[in-house]
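I opened a new notebook page for this protein. My plan is to look up one place at a time and write down what I find.

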Amino acid sequence: MKSSKLAENFPAVVPILPLRDMVVFPNVLIPLFLKGTRVVKLAESVAGGENLVGLFYQKVRNRLNFLGDEIASVGTLARLQQVVHLDGGGVKVIADGICRIRLTNQMQQDPYLMGEVDLIEEQYEPHSAIEPLVRSMAALFRLSVNLGRPIGEHVKGMIDRAADPGKLADIIAAYLPLKAMVKQTLLECEDPVDRLIKVSHYLNSDVEALQSKPPQTVNEAIQSAAASRRHREMSLRQQMRSAQRDVDAQDDPHQSDLQEFHQKIRDSGMPEEVVEVATRELQRLERIPPHSPEYTVARTYLEVLTALPWNVTTTDNLDINRAERILNEDHYDLAKVKDRILEFLAVHKLKPGNKGPILCLSGPPGVGKTSLGKSIARALGREFIRISLGGVRDESEIRGHRKTYIGAMPGRIIQEIRRCGTKNPVFMLDEVDKIGQDFRGDPACALLEVLDPEQNNGFVDHYLDVPFDLSNVMFIATANQLDPIPPALRDRMEVIRISGYTDEEKEKIAEMFLISKALTENGISEHPIRFTSDAVRFVISSYTREAGVRNLEREIGAICRKIAREITQEKPPRTEVTPAVVEELLGPPLYFFDLAEEDDQIGLATGLAWTETGGDIIFVEVSGFKGGKELTMTGSLGDVMRESARAALSYLRHTCAMHGIDEQVMADTELHIHVPAGGIPKDGPSAGITIAVALASFFTGIPVRRDVAMTGEVTLRGRVLPIGGVKEKLLAARRAGVREVILPEKNRAGLRDLPPYVLEDMRIHFVTHVGDAIAIALTASAEPSCNGRAAQPALPMLPDERAGYAVKTGNEASPE
């Protein structure tokens, strides 16, 4: 009777090992000598582990491929043990028969035969005649042994202990000198009692043949006894050697390591070419003395090679609704990134096995790029890995060192995959735009293979020197700017831009995530403390100046820490945080953005700029005095911004009559353009329109409206070209209290990413020519003091400047 445990754990698909001229029975331990690439590979891959193999009688000899009925349909499920490589080629294994199986379907031929099998259950009706039949068969078999049948002592013990008719029949049939076809017929007999009766006929015939055999001569008896003695001595020596190896393995760490590595290589699931490399390295390790330095190098290499998750993967959770719920729980907004992850899950559900996407999240600090990677891993049910590439300058950090070097180790990619224990994690490459390069190589070039879906299925680390499949890894890179990333590397990634948050979005994030987190981390979550909406908005507008929410989280944490201190000092407890409480705890406000209340000034224009931290406002100041045509520019301006200033000035000189500017005054004026915050480098072409408006205001004497901000690139002919970072710049203008913005006409489509409530509060002017911007930005009610010099310059003039020009009739101005 088969146990229920075997039926529960029975494998549906097993490797198939055809046997020529041999039939293996259940409940029998028998050696097998195997040759041939397929069968040797099969034996090596399944021996010693929990994997099982089906042993089937091969009806047709000298065939490499088996189709139809060329192998028997009934065989034995066995476990292969003790694989020993023979000097003449091939291997010797011990087959431990377990139960009968039936082959129902052949599935594949390479690298070895696989098939679907069913368990053959053995059942029989209890009968009073079965027990006497079992006893008589056991006695008859012992008689055959006494008559000269060469059987080992362990077989005699098995016969004495066999009380089941099917088990006894299998043991006797295995050791009777029967043809393979006859043994196969007995194997196919499913009734244990019927099989024992058939075996009894063959056993009676064998006993009769042994009894009718003529008596041996004295010499034959001596030779037979000597042969039997040699056989027993050889068996005893083999057992002693096996026992000695076990003892040596226990006492000798070197032998123990070798056996352990043999087992790890079999169980690791490495590809065939990697198994060959590992086996070759292990054979080399066996020949190296343990005290040699090379021994440590080879041993460390094998440890790394066998510890990698060659075939270990985590199962993706393909519940789209669950993934969407997790992403929304962890992050507010970020719709584009969430949609892309859900699209990947949908495609992976419809087409399993597709390659993992390679995303690049680009945006200012504090918008949730890194934490988004953790949420993606949680939504997919995968392991999460993060490495920071900021400041990495050595190519070997990615690809590793050659193992011949002292202290060599794999690169960060392989190290982290080994540490997480699965080959399909979510792998975040943080700050990919801050990779450096020096004489040790360019890490960005090493990432080209890692982040290429067509190449990373065979990524070769310098230390391993064998390919490792990275195609199932979901790589997510983060960057603040895309410009520093090499074009070839940027081309391999799907870029998703994450813009800064509006004040309303920051307020929602604070209410949904930041406040509860700060209360918990500072131990005051059990106290009834409530942040009012006005207090949150006050912190956002007066104590932070960022596109993300990192500083907002710090300020809320600072408020909670101060409240925690008050609680521990037994001061009157606070139940509500209002703007007055915020100012009391954090001090005076740090930022003031209400530009609309300031006066309009001549030669001072407000521009919009994009920075790593999101959008910001800049001021362009223009002053001048009598002199030549020299143009001075200060404020840490880059080359592109300087060129934009020269282009704007050239345009005004060319069209001075159109804008009411005295050409002679412009020719005799030495200009100074300054952009405040000189300690901060500034560059880019988008300040061209701001510089042009400031210059026009200076020469016409008409103030520039302070409630208008602008951005756009200017050409020599006055055309306004499109620029980037529209959303960030508009959010910066809104934070600063600016309600009118001048944008290039071709940037009209960029407003789609803005929330509707942002556009409702702002008036956007789209222009195609710088003249339109000048007409909008200069105050219509102001009257110029003259067509040349301005009456009230933005910056203090030198004493001799006021006497430098006199107003005359017409459009001319000359020195006094």
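**Entry 1: a covered helix**

I started with helix α17, residues 443-450, in what is a predicted model. I asked how many of the eight residues of α17 are buried. Six of them are, and I noted the helix as mostly covered. The buried ones are Pro443, Ala444, Ala446, Leu447, Glu449 and Val450. Next I looked up what covers them. The cover includes the helices α15 (396-399), α16 (412-420) and α18 (487-491). It also includes the strands β9, β10 (459-460) and β12.

**Entry 2: the whole protein**

I stepped back for an overview. I counted 28 helices and 26 strands in the protein. The protein has 816 residues, and 48% of them count as buried. I then checked contacts with a separation of 6 or more. Residues 24 or more positions apart account for 74% of these.

**Entry 3: aromatic pairs**

I searched for rings that pair up. The structure holds five aromatic pairs. I wrote down two of them.

The rings of phenylalanine 427 and phenylalanine 475 have centres 5.5 Å apart. Their planes meet at 40 degrees, so I filed the pair as tilted. Why does this pair tie together distant parts of the sequence? Phenylalanine 427 lies in strand β9 (residues 426-430), while phenylalanine 475 lies in strand β12 (residues 474-479), so the pair links parts that are 48 residues apart in sequence. I had already met β9 and β12 in the cover of α17. Phenylalanine 427 and phenylalanine 475 are both buried.

My second pair is phenylalanine 538 with tyrosine 543. Here the centres are 5.6 Å apart and the planes are at 80 degrees. That makes the pair edge-to-face. Phenylalanine 538 and tyrosine 543 are both buried too.

**Entry 4: charges over rings**

I looked for charged side chains above ring faces. Lysine 403 has its charged end over the ring of tyrosine 301, 4.6 Å from the ring centre. Arginine 748 lies over the face of phenylalanine 766. Its distance from that ring centre is 4.2 Å.

**Entry 5: helices with a buried side**

I picked helix α2, residues 37-46. Which residues of α2 are buried? I found Val39, Val40, Leu42, Ala43 and Val46. They span an arc of only 160 degrees around the axis, which puts them on the same side of α2. Strands are part of what covers them. I listed β1 (13-20), β2 (29-34), β3 (53-58), β4 (74-85) and β5 (91-108) among the cover.

Then I turned to helix α28, residues 770-777. Its buried residues are Val770, Gly771, Ala773, Ile774 and Ala777. Looking down the axis of α28, I saw them fall within an arc of 160 degrees, so they line one face of the helix.

**Entry 6: two helices that cross**

I checked how helix α21 (residues 550-568) packs with helix α22 (residues 579-586). The angle is about 85 degrees, and the axes are 10 Å apart. That makes α21 roughly perpendicular to α22. On the α21 side, the contact uses Glu555, Ala558, Ile559, Lys562, Ile563 and Glu566. On the α22 side, it uses Val582, Leu585 and Leu586.

**Entry 7: three single residues**

I looked up threonine 632. It is in strand β18, residues 631-634. Its relative accessibility is 27%, so threonine 632 counts as partly exposed. Leaving aside neighbours within four places in sequence, I found it in contact with Glu670, Leu671, His672 and Ile673. From threonine 632 to histidine 672 is 40 residues in sequence, but 4.6 Å in space, C-alpha to C-alpha.

Glutamine 106 came next. It lies in strand β5. It is partly exposed, with a relative accessible area of 25%. Isoleucine 16 is 90 residues away from glutamine 106 in sequence. Their C-alpha atoms are 8.8 Å apart.

My last stop was alanine 687. It sits in the loop between β19 (669-674) and α25 (688-700). Is alanine 687 buried or exposed? Its relative accessible area is 5%, so alanine 687 is buried. Beyond its neighbours within four places in sequence, alanine 687 is in contact with Ile618, Met641 and Gly712. I also noted serine 644, which is 43 residues from alanine 687 along the chain. The C-alpha atoms of these two are separated by 7.2 Å.

How values were computed:
Residues are numbered from 1 along each chain as its sequence is written. This is a predicted model: local features need pLDDT of at least 70, side-chain atom pairs count only at pLDDT 80 or more; totals for chains, interfaces and linings use all residues. Side-chain values use heavy atoms; hydrogens and water are left out. Rings of Phe, Tyr and Trp (its six-membered ring) pair if their centres lie within 6.5 Å; planes under 30 degrees apart count as stacked, over 60 as edge-to-face and the rest as tilted. Helices (H or I, at least four residues) and strands (E, at least two) are DSSP runs, numbered from the N terminus. Buried means under 20% relative accessible area, exposed over 50%, partly exposed in between (1.4 Å probe, protein chains only). A charge sits over a ring if NZ of Lys or CZ of Arg is within 6 Å of the ring centre and within 35 degrees of the ring normal. The arc is that of the directions from the helix axis to the C-beta atoms. Contact means heavy atoms within 4.5 Å. Axes are lines fitted to C-alpha atoms, for helices over the stretch in contact, and angles run from 0 to 180 degrees between N-to-C directions. Angles under 35 degrees count as roughly parallel, over 145 as roughly antiparallel, 65 to 115 as roughly perpendicular and the rest as oblique.
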